[in-house]
Amino acid sequence: MFLNCRILNGTTLFIGHQNPIHLDSVHQVFVCVSAISLFGFKFNPMRMDFQVVVLAGGTSKKLVPLVSKDIPKALLPVANRPVISYVLELLEQSNLKDLIVVVEGEESAVMVDSWISGAFLDRLRVEVAAVPEDVGTAGAIRAIAPHLTASDILVVSGDLVCDVPPGAVASAHRRHDAVVTAMLCSTPVSGPADTGSSGGKDKVKKPSHCNVIGLDPTKQFLLHIAAGTEVEKDIRVQKNILRAVGQVDIRADLMDAHLYAFKRSVLLEVLDQKGNFQSLQQDVLPYLVRTQLRSEVLANISTPSEENGNGMVSSQKNQVMLSQLLSNASSPSFHERYVMGPNGFNQSQKRIHKCCVYIASKSKYCARLNSIQSFSDINRDVTGEANHLSGYSFSAQNNIIDPSAVLGSKTTVGPHCMLGEGSQMGDKCSVKRSVIGRHCRIGSNVKIVNSVVMNHATIGDGCSIQGSVICSNVQLQERVVLKDCQVGAGFVVTAGSMYKGESLAKKEKSQAQ
């Protein structure tokens, strides 16, 4: 069953029901275009071990001019497939098929839902929720909080491209009874593998944006994390954590993949108490890490024994020797040692919670499409070293040329390239380590190197494109030279123009007040 909806003045009106339903808070703005739990259809998260939330973003300013009102971030192409398709397939492969996909902006949400409904029909059960733009990842979870009912929540970024099974993160989370478990992976490198120019030296790949991460000696627990501007600041680890753990392993070679398992009650408590928190990565996660040995979030959350009136019995049972409590555990965590104290007795007044990590194997691929450079990098990788993620079968020449594509005389398409459905290329063209979308028209004597050309682009004779992104419906007239540029959707570059390191896009029309 599909439902249409309309957002009016911060109130959501569901249309398609006998009795329209009004929600009275902007934080409950919800666009639902598939069967939803609110009305009791199909979706029942309580049957799942984890309830899954995919944060798909909207029209991120960091990705302008690649994103626009016509193409939200979730639908940006990676190897001619929307980037969100990669995380949806990853979840499907793990048998996680009941999902809430959160999109910033109503128009973007409708476009994302339309694509998911067609591509994953009868494969996934998806709710698409629209939240206000620029609400942040924490705000997105607040907006859908009434619909989170499972004991644990798996939160995944919709821009994640990886082959790490989410079940491994969920298993670590449950094993340690953690309030949060974050997936970490090796920091991806950034920049093209080669310049494509004859005789030129290879460019040196550089690590992309890094995190500074502190781990305990067992590499199972998170002691410190800094991202963004916080990376430049001094590393500060809470004294009680440092005393309890003894030593901290500081790492700058790991990336927070933005795939988290949260204990639902704790996550919602933090979001309720800390109304100024906007980011899961930069606000919620560091807060939980800092307070894990002086837990504030668990103080207001009743345990099952307390709810049953057995708090006194539990307290008495807790007064046992460390050797008895850990008789079946080979190596207690530093949290447990901290609670027991130097004498080995449980100090029940100490409230703790565990912040865990799952570190993906270096052999696994993991990257996020959260910048223009990463957009180019991931397209390069998924048609190169990580082509197993593309879902396509590569030819003996290690490329993909759609059977309907037309190549002119003496035109070459090199390894790690993709030429989409219905595209046409003239004579004496050269394509190296590039992705060309569907129904593109490319003239003669055109060179395309380390670039992405989206659907329905027109490229005139004699053009040279290197290290650039050409968005949908762009027109490059004859003899245009572009190096390290981005050209927004529908833009026309006049004949003979030369640009280097430029962002070219149409000016957005101001809306009438």
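Start by selecting Val156 and Leu259: Val156 stands opposite Leu259, which sits in β17. Keep in mind as you click around that this is a predicted model.

Now widen the selection to the strands themselves. Pick β9, residues 152-157, together with β17: five bridges join the two, and they run antiparallel.

While you are here, add helix α1, residues 84-93. This helix packs on the sheet and touches β4, β7 and β9. Turn the view until you can compare α1 with β4: the direction of the helix makes about 170 degrees with that of the strand.

**The seven-stranded sheet**

Time to bring in the rest of the strands. Seven of them form an open sheet, and if you walk across it you meet β8, β7, β4, β9, β17, β11 and β18 in that order. The pairing here is mixed. Where does the sheet end? Select β8 (125-131) and β18 (355-359): these are the edge strands, and each pairs on one side only. Look across the sheet and you can check the twist too, as neighbouring strands are turned by 25 degrees against each other on average, ignoring direction.

**The three-stranded sheet**

Next, hop over to another open sheet, built from three strands in the order β15-β14-β16, with antiparallel pairing. Its edge strands are β15 (222-226) and β16 (249-251), each pairing on one side only. In this sheet, neighbouring strands are turned by 15 degrees against each other on average, again with direction ignored.

Zoom in on β14, residues 212-215. This strand pairs with β16 in the antiparallel sense over three bridges. For a close-up, select Gly214 and Ile250: Gly214 stands opposite Ile250, which belongs to β16.

**The largest pocket**

Last stop: the largest pocket, with a volume of about 1,400 Å³. Which residues should you select to find its centre? Try Lys62, Lys73, Gln281, Arg368 and Asn370, which lie nearest the centre among the 47 residues of the lining.

Now colour the elements that build the wall. β4 (51-57), β7 (98-104), α3 (136-144), β12 (189-190), β17 (254-263), α7 (280-290), β19 (366-368) and α12 (372-382) each supply at least two lining residues. You have already met β4, β7 and β17 in the seven-stranded sheet. Which element gives the largest share of the lining? That is α12, with four residues.

Finally, colour the lining by residue type. You should find 14 nonpolar, 22 polar and eleven charged residues around the pocket.

Note on methods: Residues are numbered from 1 along each chain as its sequence is written. This is a predicted model: local features need pLDDT of at least 70, side-chain atom pairs count only at pLDDT 80 or more; totals for chains, interfaces and linings use all residues. Side-chain values use heavy atoms; hydrogens and water are left out. On a 1 Å grid over the protein atoms alone, a cavity is a set of points where a 1.4 Å probe fits but cannot get out, and a pocket is an open set with protein on both sides within 12 Å along at least five of seven lines; lining residues have an atom within 4 Å of a point. Grid points are joined across faces, edges and corners, and a volume is the space filled by probe spheres set on the points. Ala, Val, Leu, Ile, Met, Phe, Trp, Tyr, Cys and Pro count as nonpolar, Asp, Glu, Lys and Arg as charged, and the others, Gly among them, as polar. Two strands pair if DSSP finds at least two bridges between them. Axes are lines fitted to C-alpha atoms, for helices over the stretch in contact, and angles run from 0 to 180 degrees between N-to-C directions. Contact means heavy atoms within 4.5 Å.
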